[in-house]
Amino acid sequence: MASLARIRSAVPRRMHLARAIQTAADTTQLHQDASHSEPFTVKLHEDSFHGYRTDTPGLDVEVTKENLMRWYKEMNVIRRVEQAADALYKQKLIRGFCHLAIGQEAISVGLNSATTFEDKIISSYRTHPFVILRGGTIKSLVGELLGRVCGVSKGKGGSMHVFTEAFQGGHGIVGAQVPLGAGLAFAQKYLGKKTATFAMYGDGASNQGQVFESFNMAKLWNLPCVFVCENNKYGMGTSAERSSSNTAYYTRGDTIPGIQVNGMDIIAVHQATKFAKDWVTSEKGPLLVEFVTYRYAGHSMSDPGTTYRTREEIQRMRSTQDPIRGLQRYITEWGLASEDELKAIDKEAKTEVEQAVEEAKASPFPDESELWTDIYSAGTEPPFMRGRDREEMHYY
Amino acid sequence: MIQQRSGRRWQSTEAHPAGGHLPSIATSTFLKPTPDVALRTPGLRYADQTGSDPTKEMVGRETRKMNMYQAVRDAIALSKDDTAVVFGEDVAFGGVFRCTMGLAEEFGRERVFNTPLTEQGIAGFGIGLASMGHTAIAEIQFADYIFPAFDQIVNEAAKFRFRSHGNFNVGKLTIRCPSMAVGHGGHYHSQSPEGFFMGAHGIKIVIPRSPIQAKGLLLSSIRDPNPVIFMEPKVLYRSSVEQVPMDDYEIELGKAETLTRGNDLTIVSWGTPVYHCETAMKMLSHPPPSLAPNVPASVRGAKIELIDLRTIMPWDVQTVAESVNRTGRLIVVHEAGRTGGVGAEIGAEIQKRCFLKLNAPVRLVTGWDTPVPMQYEKFYMPDPIRILDAVIETLNY
């Protein structure tokens with residue numbers, strides 16, 4: 001393997017396209033005076049998008065103060081929750097696996113901002129934010145992580161398997177949710193609904209065979225499916241360049257057009273999501289969307305995240321491309337709110353999360369009898385199931 | 001006839017030769033040759049059934065002579081559900097075994113359509129579709145090709161309900177696949193993979209033995225609120241023929257059927273080998289001259305209880321245990337190899353429940369622990385002679 005590693009490192013890194021995608025979080029420019037009550041237009045950096053077999057979304061985006069402030073609050077809450085999860089995991093209160101989305105908040109909030117609860121979002125296991133954004137509460141998310149009955153899956157799913165009525169779930173097997181997304185989109189098309197499915201996966205999962213199987217079916221049947229690749233640069237502990245022969249993930253759909261998006265700028269994510277939803281609901285078939293982003297934490301809690309990349313790299317991303325700090329700059333520079341006002345929001349988020357964590361901790365663990373429920377549909381189970389020891393049998 | 005790609009797909013869809021490998025199927029007493037007998041089949045539950053008296057339910061009902069692929073097609077057509085979608089490789093023009101003949105014309109190409117050769121994708125697509133509340137009837141062209149979909153079935157379909165605490169489920173998914181051997185399918189067209197799925201709690205596995213059974217069990221599987229893998233023994237598609245009630249009926253899942261009653265030995269089987277067991281039982285009571293010297297007179301009068309398990313998961317422990325408690329002897333016959341097979345699980349459970357009643361070790365008559373060998377397929381299958389041998393040994397233990 002050592003020799004193989006030498007060979008790989010001898011291969012020159014992929015030559016960048018003419019210009020690399022912009023991944024700073026604060027490059028959007030004000031176009032007109034920012035209004036406190038009316039929508040106003042801002043202009044994204046000209047390298048916010050790259051297109052493959054398609055034009056890119058427009059750079060002029062209409063935003064409102066209300067939206068920007070809400071996104072700021074949501075991103076703050078999400079980061080606080082993830083930090084709380086980190087602490088709870090280290091206190092051994094969260095067991096099993098736990099994957100944090102710190103650094104990638106603009107994607108979940110941006111996706112949610114341009115979709116409705118009628119649209120379907122299905123993703124992998126870095127999905128805590130969607131619970132909060134799509135019908136769940138902080139308490140029901142933290143409760144699920146802690147395995148308590150107040151959790152969204154009554155404590156039976158855990159961190160990787162969170163669902164809400166408007167979020168089709170976290171899925172624990174890398175890439176396995178992508179063909180499911182094709183199925184969701186087919187049902188939407190079959191029912192004649194003008195809605196979209198967003199089937200999300202990471203740069204690591206993009207090398208799974210079933211992802212390509214899904215691309216093929218979706219294009220073949222013209223399904224309203226947006227394949228969303230969250231490229232956070234590392235598939236577990238292997239960088240995109242070391243795992244993928246083509247790291248321009250938005251071009252990997254062959255005949256499916258794609259766009260690459262600055263996943264650190266919430267306004268770019270919002271604009272790209274709107275573009276994608278319009279695309280698939282106007283019967284143009286599927287679309288690939290690659291959000292270029294960065295994961296601050298390790299892949300999971302057992303990964304310190306510093307063995308395959310330098311601390312300096314993480315530090316540089318945090319200080320120069322942080323999505324929350326980027327939005328904070330927009331809001332203050334455009335005169336929409338003062339730093340103190342934003343600090344108050346941040347404090348409010350912190351209090352909300354702390355309170356929810358305490359409430360979730362107070363929730364009991366699921367009853368032992370829950371071990372046997374929801375395996376089969378109630379009333380159609382086998383007559384009995386074996387329990388934890390020789391004597392224990394559960395009869396339905 | 002559908003042109004298959006050479007190499008991977010099975011080339012021939014010919015009926016197996018009349019009077020060929022398994023002569024017992026054509027003459028089996030388990031098949032219902034007349035409408036009257038067919039309508040008396042135990043366990044049929046008609047969709048329009050009003051009373052509880054099954055003899056009254058026979059009145060005015062019609063039957064038609066069908067083989068198993070026609071019965072399967074009949075069941076799919078009767079599933080009567082506007083969201084039902086049928087998909088798989090080549091299903092739009094009937095499928096390799098003709099189980100979906102004419103469905104695309106009858107129900108529309110947007111509901112009955114071909115997929116690419118993409119088994120993992122088919123399963124995942126079906127799971128997504130079913131999670132939206134659609135009735136998804138997927139076909140994997142041969143059970144041998146189900147392995148790319150193994151992850152989707154075991155990790156997604158089986159666990160969907162549990163890990164979302166019932167918020168989502170894929171109960172409306174049914175995966176059909178032809179399984180078991182015809183005698184010349186070889187490594188990739190004769191396998192019986194039911195045992196591999198036995199540890200995937202959350203799915204059900206169903207294997208029918210005849211046209212009447214296939215229709216009722218498939219309709220139950222489609223409507224069962226759990227994902228079901230429905231494995232159709234492919235040699236029976238054409239060789240098993242009986243009168244099948246035309247109306248919509250179901251046969252309950254999780255219930256075995258006792259085909260013959262007896263107090264000396266229990267045989268449990270499913271699918272094709274059920275007929276080999278029947279032949280072996282005939283050989284025991286009336287051995288042909290060539291076998292007679294090997295069949296002691298003392299065992300010829302033995303009364304054997306033959307049970308068709310029908311649902312492999314969850315299997316009907318009660319029926320089997322009750323039987324073995326009476327007979328004291330058990331043989332399990334299946335086509336898959338022995339190690340890690342379904343017979344091992346049944347044997348373990350029965351020896352636990354019936355230990356003090358057993359007069360002989362639980363005996364397994366199965367395929368060998370080899371790949372299904374092209375040239376030796378007839379030797380691989382648990383044929384009537386091997387079953388007879390096990391019966392005599394177990395009775396004389």
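Two strands count as paired when DSSP finds at least two bridges between them. Keep that rule in mind for strand 6 of chain A, where this tour of a predicted model begins.

Take Phe198(A) in strand 6. Its bridge partner in strand 7 of chain A is Val226(A). On the strand 5 side, Phe198(A) is the bridge partner of Ile121(A). Strand 6 and strand 7 (residues 225–231) of chain A run parallel, joined by 6 bridges. Strand 5 (residues 120–122) of chain A is also parallel to strand 6, with 3 bridges between them. Both pairs therefore satisfy the rule of at least two bridges.

How many residues of strand 6 of chain A are buried? The count is 6 of 6, over residues 197–202. Neither face is left open. Thr197(A), Ala199(A) and Tyr201(A) are buried on one side. Phe198(A), Met200(A) and Gly202(A) are buried on the other.

Val226(A) leads on to the core. The largest nonpolar core has 213 residues. Val226(A) is among those with the most contacts inside it, along with Val81(A), Val142(A), Val289(A), Ile140(B) and Val391(B). Helix 2 of chain A gives this core its largest share, 10 residues. In soluble globular proteins, nonpolar side chains tend to be buried together.

Val289(A) shows what such a position touches. Setting aside neighbours within four places in sequence, Val289(A) is in contact with Val226(A) and Val228(A). Its other contacts of this kind are Tyr250(A), Gly258(A), Ile259(A), Val261(A), Ala272(A) and Ala276(A).

Now move along chain A to helix 11, residues 323–333. Pro323(A), Ile324(A), Gly326(A) and Leu327(A) are buried there. So are Gln328(A), Tyr330(A) and Ile331(A). Which helices help to cover the buried residues of helix 11? The cover includes helix 2 (65–90), helix 3 (105–113), helix 9 (266–281) and helix 12 (339–362) of chain A. Just after helix 11, Gly335(A) adopts a positive phi of about 70°.

An annotation spans much of this ground. An unreviewed UniProt entry marks residues 74–367 of chain A as "domain: Dehydrogenase E1 component". That span is 45% helix and 11% strand. Its end C-alpha atoms are 33 Å apart.

Next comes the contact between the chains. Chain B contributes 36 residues and chain A contributes 33. On the chain B side, the elements that give two or more residues are helix 6 (119–131), helix 7 (150–157) and helix 8 (160–163). Helix 6 of chain B supplies the largest share, 9 residues. How does the chain B side divide by residue type? It has 9 nonpolar, 22 polar and 5 charged residues.

Chain B itself is divided into domain 1 (23–251) and domain 2 (257–395). Their centres, taken over C-alpha atoms, are 26 Å apart. Where they meet, 30 residues of domain 1 are in contact with 29 residues of domain 2. Helix 1 (23–27), strand 7 (204–206) and helix 9 (211–223) of chain B each give two or more residues to the domain 1 side. Strand 7 of chain B provides the largest share, 3 residues. By type, the domain 1 side holds 14 nonpolar, 13 polar and 3 charged residues.

Note on methods: Residues numbered from 1 in each chain as written. Chains lettered and ligands numbered in written order. Predicted model: local features only at pLDDT ≥ 70, side-chain atom pairs only at ≥ 80, totals over all residues. UniProt positions renumbered as here; feature names shortened; annotations may be inferred. Helix = DSSP H or I, 4+ residues; strand = E, 2+ residues; numbered from the N terminus. Buried ≥ 20, exposed ≤ 12 C-beta atoms within 10 Å, placed from the backbone. Contact = placed C-beta atoms within 7 Å. Domains from an automatic or database assignment. Nonpolar A, V, L, I, M, F, W, Y, C, P; charged D, E, K, R; others polar. Core = buried A, V, L, I, M, F, W, Y, C linked by C-beta atoms within 7 Å.
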